[in-house]
Amino acid sequence: MDKIAFINDKSFLIRDGETILQFVRRNFGHDFVPTLCDAPNLDPFGACRVCSVDVALVQGGPAKAQASCHTPVVANSYIYTDSARIKRLRKNIIELVLTDHPLDCLTCEVNNNCELQTVAAKVGVRDVRYPEGKNHLDRKKI
Ligand code: FES
């Protein structure tokens with residue numbers, strides 16, 4: 001018997017052994033859910049959590065954030081890819097990554113071909129947050 005799950009309240013057939021990310025990509029395209037640590041030559045291990053989606057057992061019910069790249073799809077579950085909570089979570093994760101990343105984009109050899117830049121733009125990060133009274137020059141002194 002066919003099994004289904006829901007993506008943003010639309011039903012789709014599940015394939016055996018499929019992760020939530022594979023399920024969403026198969027139905028909505030590769031870039032529908034942003035990822036950072038997902039790499040085709042590595043087993044998914046859920047390190048960055050940028051691929052998080054909300055998963056509920058009933059439509060619109062209480063949801064739990066799950067790393068979609070290594071979480072199997074559960075039959076009849078409801079997957080929400082862009083809830084306000086998930087968007088905020090992804091943005092916070094990228095902001096946190098950027099606090100420990102060199103900000104020399106203009107002189108970086110992968111500028112404009114950088115996965116982190118792409119994901120940051122996708123999740124809406126436009127600025128790097130610094131503690132009050134600090135800026136990027138303070139960080140270079142460390
Ligand atoms: S892409 Fe990093 S945890 Fe899924």
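**Close-up views of two pockets and a helix**

**View 1. The second largest pocket has a lining of 4 nonpolar, 3 polar and 5 charged residues.** Here Ala, Val, Leu, Ile, Met, Phe, Trp, Tyr, Cys and Pro count as nonpolar, Asp, Glu, Lys and Arg as charged, and the others, Gly among them, as polar. This is a predicted model, where local features need pLDDT of at least 70, side-chain atom pairs count only at pLDDT 80 or more, and totals for chains, interfaces and linings use all residues. Residues are numbered from 1 along each chain as its sequence is written, and side-chain values use heavy atoms, leaving out hydrogens and water. Look for Arg25, His30 and Lys122, which are among the lining residues. Domain 1 (4-83) and domain 2 (88-140) each supply at least three residues to this lining; the domain bounds come from an automatic or database domain assignment.

**View 2. The largest pocket holds about 430 Å³ of space.** Of its 19 lining residues, Leu98, Leu103, Cys105, Gln117 and Val128 are the closest to the centre. A pocket is an open set of points on a 1 Å grid over the protein atoms alone, where a 1.4 Å probe fits, with protein on both sides within 12 Å along at least five of seven lines; lining residues have an atom within 4 Å of a point. Helix H3 (residues 115-123) gives the most to this lining, with 4 residues.

**View 3. Helix H1 (residues 20-28) has buried residues Ile20, Leu21, Phe23, Val24 and Arg25.** Buried means under 20% relative accessible area (1.4 Å probe, protein chains only). Helices are DSSP runs of H or I, at least four residues long. After H1 comes Gly29, with a positive phi near 100°.

Terms used: Buried < 20%, exposed > 50% of the residue type's maximum accessible area, 1.4 Å probe, protein only. Helix = DSSP H or I, 4+ residues; strand = E, 2+ residues; numbered from the N terminus. Points joined across faces, edges and corners; volume = space filled by probe spheres on them.
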